[in-house]
Amino acid sequence: MKRVLLDQFLFNPAFMALRLTFLWSLESVGGGGSGTTLLENPSSLVLQLVGMFPRIMPPTWALWIPALFINFSYLPLKYQLLYTNMVSLVWNVIFSYAEAKRGKPMQEVDEIIVPGPA
């Protein structure tokens, strides 16, 4: 359980900040942005990240904390990477679906929509 908590409350927020910063930089380079990038104004970038975290982290934790608990507690070491990759694929599909459903780049999303059962 220590590994799960360390991963989710230390590494995951840092990784999420890097991931969002990278995605936002790609959106501005690819023409998806409005011309002025968040990367040009570090204080704006920090404010945007702080604003996104309360909306992004709870759904992230809802998926990853149980998934990592199962991974570290019950799976043999040789299957842990495969399992983590499969959960990551599911999370990326959910994350992409939520972004596409909103029809906006991530830096404009007001809330993360996690689809429920159909």
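When I say nonpolar core today, I mean a set of buried Ala, Val, Leu, Ile, Met, Phe, Trp, Tyr and Cys residues joined through side-chain atoms within 4.5 Å. Keep that in mind, and keep in mind too that this is a predicted model.

Okay, the overall picture. The protein has 3 helices and 0 strands, so reading along the sequence you simply get α-α-α. There are 118 residues, and 28% of them count as buried. About 7,600 Å² is exposed, with carbon and sulfur atoms supplying 68% of that area. As for contacts, take the ones between residues at least 6 apart in sequence: 64% of those join residues at least 24 apart.

Now the core. Which residues of the largest nonpolar core touch the most other members? The core has 17 residues, and the ones to look for are M16, L20, W24, L49, F53, I56 and W64. Each of the three helices, α1 (2-29), α2 (42-74) and α3 (77-102), puts in at least two residues. The largest share comes from α2, with 9 residues. For general background, nonpolar side chains in soluble globular proteins tend to be buried together.

Let's stay on α2 for a while. Its buried residues include L45, L49, M52, F53, I56 and M57, and further along W64, A67, L68 and N71. P59 and T60 are on that buried list as well. Where does α2 bend? Go to F53: the helix bends there by about 45 degrees, and a proline, P54, follows within four residues. F53 also touches P13, M16, A17 and P58, if you skip anything up to four places away in sequence.

Further along α2 we get to I65. Is I65 buried, exposed or partly exposed? Its relative accessible area is 22%, and the cut-off for buried is under 20%, so I65 goes down as partly exposed. Leaving aside neighbours within four places, I65 is in contact with V4, Q8 and F9. I65 and L5 are 60 residues apart in sequence, yet C-alpha to C-alpha they are 7.8 Å apart in space.

Next, N71, also in α2. N71 counts as buried because its relative accessibility is 2%. Not counting residues up to four places away, N71 touches Q80, Y83 and T84. Follow that first name across: Q80 sits in helix α3. Q80 is buried too, since its relative accessible area is 12%. Beyond the neighbours within four places, Q80 is in contact with N71, F72 and L75. If you have the structure open, click on N71 and Q80 together; they are in contact with each other.

Last stop, the surface. What makes up the nonpolar patch? M1, L5, F9, F69, I70 and Y74 form it, and together they have about 630 Å² of accessible area. Both α1 and α2 supply at least two of the patch residues, and the largest share, 3 residues, is from α2. Y74 is a good one to zoom in on. Y74 has its place in α2, and it counts as exposed because its relative accessibility is 62%. One thing to bring together here: F9, one of the patch residues, is also among the contacts of I65.

So, to wrap up α2: this helix gives the largest share of the core, gives the largest share of the nonpolar patch, and bends at F53. That's what I have; happy to go back to any of the residues on screen.

How values were computed: Residues numbered from 1 in each chain as written. Predicted model: local features only at pLDDT ≥ 70, side-chain atom pairs only at ≥ 80, totals over all residues. Heavy atoms only, no water. Buried < 20%, exposed > 50% of the residue type's maximum accessible area, 1.4 Å probe, protein only. Contact = heavy atoms within 4.5 Å. Areas by Shrake-Rupley, 256 points an atom, 1.4 Å probe, with all protein chains shown as cover. Patch = residues over 30% accessible without salt bridge, like charges linked within 9 Å, V, L, I, M, F, W, Y side chains within 5 Å. Salt bridge = Lys/Arg side-chain N within 4 Å of Asp/Glu carboxyl O. Bend = angle between axes of the 7 residues up to and from the residue.
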